[in-house]
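I opened the notebook today with two things to look up: how a pair of helices pack, and what lines a pocket. Here is the model I worked from.

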Amino acid sequence: MKTRSGVPGDARRNGVTGDAVRAVGIGKRFDVGGTPFTALDDIALTIREGRFSTLIGPSGCGKSTLLRILADVVRPTSGTVEVFGRSPEEARRAAEFGFVFQDPVLLPWRTALANVELPLQVAGVAKAERQVRARELLRLVGLEGFEKALPAKLSGGMARRVAIARALILRPRLLFLDEPFNGLDEIRRRQMNDELQRIWMETGTTAILVTHNVSEAVFLSDQVVVLGRNPGRVIADLEIDLPRPRDAETMLLPEFTAYERTLTRLLTEAYEGVEP
């Protein structure tokens, strides 16, 4: 398999490429009813280009806040972030990344095709070109034949796939995913994990996922970053060394179970306030 830049998929995951994200000393404080609250403290994080990385941690540890800082949605109180060697603002303006939120946020009066092509329409791309690209992406996410469907006629999983296609329409080098499968049942979630892995491998896009689901983190990731809380901080940075493509058989491997046990222990300690 080749990525968009021509680097073989296995090579990119063995560190041939450079850093997609570098964060140093990231802190975030909020004012809550006149009382200062430290959400994140001294976060250091490196994401290699072409890899699939996941942020996991207890509720309230600042996972989504950190993701939004990397994506220039929220500004940090302290520290620096580089996305492909630029500031997050510069990377955003250059359309270097796409973002998939917990809620698909599809416009209800627009068809699946029209929702996917919307970023290109805003960018002033001609209708014929944007429809060709939108159709290609709907095929990529397994929704060929649903181009004319309105969001109300789509299942939850299908709506999330439309949101992923829309996030990829500008051909970003980096894809942020903030709990995109939250609320799906276990079977549908596993199906979506299979789909996301396939899409990621076919596009060569770097991916950063936020999730609470340990099995999902192990299944999808090359790297899992575990955050503690009060305040949010990095307590572990775990490499996941499992063959790809991964499937249901992969989840039966003793190595997979060992990674699950390690992450579960780290999360339990984080909830209990125990330093690892």
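A reminder to myself first: helices and strands here are DSSP runs, at least four residues for a helix and at least two for a strand, and they are numbered from the N terminus. I also noted that this is a predicted model.

**Entry 1: the pocket.** I started with the largest pocket and found a volume of about 510 Å³. Its lining counts 21 residues, and the closest to the centre are Phe97, Gly98, Phe99, Pro119 and Leu170.

Next I asked myself which elements each supply at least two residues of this lining. They are strand S5 (97-100), H4 and helix H6 (156-168). S5 gives the largest share, 4 residues.

By class, I wrote down 17 nonpolar, 1 polar and 3 charged residues for the lining of the largest pocket.

**Entry 2: the helix pair.** H4 had come up in the pocket lining, and I followed it to a neighbour. Helix H4 covers residues 112-122 and helix H5 covers residues 127-140; their axes come within 9 Å and cross at roughly 125°. Why do I call H4 oblique to H5? Because of that crossing angle. I logged the crossing of H4 and H5 as right-handed.

Then I listed who meets whom. From H4 there are Ala112, Leu113, Val116, Glu117, Leu120 and Gln121, and they meet Arg130, Gln131, Arg133, Ala134, Arg135, Leu137 and Leu138 of H5. Sorted by class, this contact has 7 nonpolar, 2 polar and 4 charged residues.

Key: Residues numbered from 1 in each chain as written. Predicted model: local features only at pLDDT ≥ 70, side-chain atom pairs only at ≥ 80, totals over all residues. Heavy atoms only, no water. Axes fitted to C-alpha atoms, helices over the stretch in contact; angles between N-to-C directions. Parallel < 35°, antiparallel > 145°, perpendicular 65-115°, else oblique. Left-handed = near helix turned anticlockwise from the far one by under 90°. Contact = heavy atoms within 4.5 Å. Nonpolar A, V, L, I, M, F, W, Y, C, P; charged D, E, K, R; others polar. 1 Å grid on protein atoms, 1.4 Å probe; cavity = no way out; pocket = protein on both sides within 12 Å on 5 of 7 lines; lining within 4 Å. Points joined across faces, edges and corners; volume = space filled by probe spheres on them.
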